[in-house]
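Here is a short tour of one chain, meant to be read with the model open beside you. Let's begin with its pocket and work outwards from there.

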Amino acid sequence: MKKLCKMLALSLALAMALSLAGCGGGASSAPAASTPAEGGSAPAEGGDAAVTLTWALWDKDSTAYWNALAEGYMATHDNVTIEMVDLGSNDYMTQLATQLSGGNGELDVLSIKDIPGYANLINLEMLEPMNNVLTTPAADFGGVLEQLTDANGNFYAIPFRADFWVVFYNKALFDAAKVDYPTNDMTLEQFDALARQMTSGSGAEKVYGNHYHTWRSAVSLFGILDGKNTIIDGTYDFLKPVYEMVLKQQEDGIVPDYGELKTANLHYSAAFQNGSAAMVNMGSWFLATMQQYNANAAKDGYEPVDFGMVKYPHPAGAPAGSTLGTVTSLGVNVNSANKEAAIDFCNWCAGPEGAAIMASTGSFPAVSTADTVATIAATEGFPTDEASKEALTTAAIYLEMPLTDKASEIETVLNTEHDAIMTGAETVDEGIANMNEQVGAILGK
């Protein structure tokens with residue numbers, strides 16, 4: 001989304017940030033867990049003493065919001081200097097754990113990239129608990145903090161960015177087929193029917209109703225949107241209806257064949273951009289890709305895609321806006337000598353000041369407001385219809401992988417069985433039975 005960062009938008013966001021004040025504070029040992037919905041009490045301001053915070057992150061020069069957040073914070077905190085340490089995106093969480101080993105306190109603020117790495121840092125006792133120092137109401141995070149909370153009732157990172165899944169659709173293809181656009185309250189059954197209605201042609205002229213990418217999350221995680229199950233519980237019978245729906249779509253030619261997609265390594269963006277898919281269910285990060293694609297169309301000599309967005313399809317009975325998500329969070333090194341200032345910075349990035357700056361770069365803040373939605377909807381190339389703007393609001397975000405110290409092992413099993421089910425190497429019942437048995441063994445059930 002870095003391409004969307006415009007100087008005028010950043011200036012407006014910084015002006016918003018200047019009108020608000022951040023709070024900070026810290027604790028050196030695990031506090032008693034506060035009620036997540038209430039959050040902790042706001043710590044005292046860090047004072048006027050000069051502080052240099054060292055911030056671990058990845059892809060500093062190619063990600064707009066890192067620099068924007070650092071500059072925005074320093075503009076309102078004259079005594080603080082933020083120095084960014086880029087550990088690279090490959091094996092970032094492993095590199096971070098290595099940097100922190102032996103009680104190293106050189107890094108203060110720690111960017112958390114994924115759940116397995118987050119769980120590892122918790123197990124190694126490298127993260128400061130954040131329960132009693134959170135200044136944004138926990139309820140504003142839409143249930144995400146609860147999914148980052150360990151068995152002891154503590155969470156150790158504050159989300160500042162959240163990507164969530166929506167449905168992108170090609171308006172021109174819908175118009176040509178004289179089919180109504182998808183809506184922001186679409187059940188899985190309605191989504192299936194719409195995909196079937198939008199499938200047409202054959203060979204090079206084939207238009208698929210939808211395109212599922214080969215990630216497991218693109219298919220199986222429809223099953224967790226009712227809030228009754230997670231993928232770390234160890235029993236997976238609830239996934240059977242989802243797999244049966246998608247396999248039937250594949251059998252009927254409504255969606256591309258999973259095995260062929262893997263063999264050809266066809267990316268979902270190409271399928272949507274070349275008009276071979278009427279819809280694609282994908283994360284909100286795809287918005288920036290489409291905006292950039294359309295912005296370059298005239299220069300590069302191809303036709304832009306007239307696209308829209310709607311909320312993710314949900315099971316019957318679940319509220320519209322129930323969706324999958326991933327978060328990027330900030331934690332504090334338990335051995336930092338600058339905990340108070342580091343915690344203040346984490347709270348600021350997750351609060352309204354940081355959210356305004358995130359939105360100005362075209363990125364989605366973890367706490368969405370009417371202002372941040374308006375900012376993102378005003379970025380160049382955003383669809384002009386109201387439904388697309390409405391799609392930016394969510395009812396609940398279920399993490400693709402909630403917190404568990406068995407995340408990596410569970411992920412390996414589920415991915416292997418997903419591949420077997422989708423290629424027909426195993427039946428749905430066989431694959432789910434293997435999930436139940438193998439993950440159950442990992443969990444000691």
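## The largest pocket

In this predicted model, the lining of the largest pocket draws at least two residues from each of helix 2 (64–76), helix 4 (115–123), strand 4 (158–170), helix 11 (286–295), strand 7 (322–332) and helix 17 (407–423). Strand 7 gives the largest share, five residues. The volume of this pocket comes to about 1,300 Å³.

If you would like to find its centre on screen, look for Lys113, Asp163, Trp285, Thr326 and Glu400, which lie nearest to it among the 42 lining residues. What is the chemical make-up of the lining of the largest pocket? The lining has 19 nonpolar, 13 polar and ten charged residues.

## The chain as a whole

Stepping back, the chain holds 18 helices and eight strands. Of its 445 residues, 54% count as buried. Among contacts in the chain with a separation of 6 or more, 76% join residues 24 or more positions apart.

The largest nonpolar core has 133 residues, and Trp55, Leu96, Tyr118, Phe168 and Tyr236 are the ones with the most contacts inside it. Strand 4 supplies the largest share of this core, nine residues. Which residues does Leu96 touch, leaving aside those up to four places away in sequence? Leu96 touches Ala56, Leu87, Leu107, Leu110, Ser111 and Leu121.

## Helix 4, from cap to exit

Helix 4 is worth a closer look, as it contributes at least two residues to the pocket lining and also contains Tyr118 among its buried residues. The others buried here are Ile115, Gly117, Ala119, Leu121 and Ile122. The buried residues of helix 4 pack against helix 3 (92–100), strand 3 (109–112) and strand 8 (396–399).

Both ends of the helix have something to show. Asp114 caps the N-terminal end, with a side-chain oxygen 2.7 Å from the backbone nitrogen of Gly117. Following helix 4 comes Glu125, with a positive phi near 55 degrees.

## Helix 14, mostly covered

Is helix 14 (residues 352–360) mostly covered or mostly open? It is mostly covered, with eight of its nine residues buried. The buried ones are Glu353, Gly354, Ala355, Ala356, Ile357, Met358, Ala359 and Ser360.

Ser360 belongs to helix 14. Ser360 has a relative accessible area of 1%, so it counts as buried. A polar atom of the Ser360 side chain lies 2.7 Å from the backbone oxygen of Ile357. Helix 14 is followed by Gly362, where phi is positive, near 85 degrees.

## Two loop residues with positive phi

Most residues other than glycine have a negative phi. Against that background, here are two loop positions to check in your viewer.

Lys178 has a positive phi, near 55 degrees, and is not a glycine. Lys178 sits in the loop between helix 6 (171–177) and helix 7 (188–197). Is Lys178 buried or exposed? With a relative accessible area of 77%, over the 50% cut-off, Lys178 is exposed.

Asn265 also has a positive phi, of about 55 degrees, although it is not a glycine. The loop that holds Asn265 runs between helix 9 (258–264) and helix 10 (268–273). Asn265 has a relative accessible area of 67%, so it too counts as exposed.

Terms used
Residues are numbered from 1 along each chain as its sequence is written. This is a predicted model: local features need pLDDT of at least 70, side-chain atom pairs count only at pLDDT 80 or more; totals for chains, interfaces and linings use all residues. Side-chain values use heavy atoms; hydrogens and water are left out. Helices (H or I, at least four residues) and strands (E, at least two) are DSSP runs, numbered from the N terminus. Buried means under 20% relative accessible area, exposed over 50%, partly exposed in between (1.4 Å probe, protein chains only). On a 1 Å grid over the protein atoms alone, a cavity is a set of points where a 1.4 Å probe fits but cannot get out, and a pocket is an open set with protein on both sides within 12 Å along at least five of seven lines; lining residues have an atom within 4 Å of a point. Grid points are joined across faces, edges and corners, and a volume is the space filled by probe spheres set on the points. Ala, Val, Leu, Ile, Met, Phe, Trp, Tyr, Cys and Pro count as nonpolar, Asp, Glu, Lys and Arg as charged, and the others, Gly among them, as polar. A polar contact is a pair of N or O atoms within 3.5 Å; within protein, one must be able to donate a hydrogen and the other to accept it, and residues adjacent in sequence count only if both atoms are side-chain atoms. A nonpolar core is a set of buried Ala, Val, Leu, Ile, Met, Phe, Trp, Tyr and Cys residues joined through side-chain atoms within 4.5 Å. Contact means heavy atoms within 4.5 Å.
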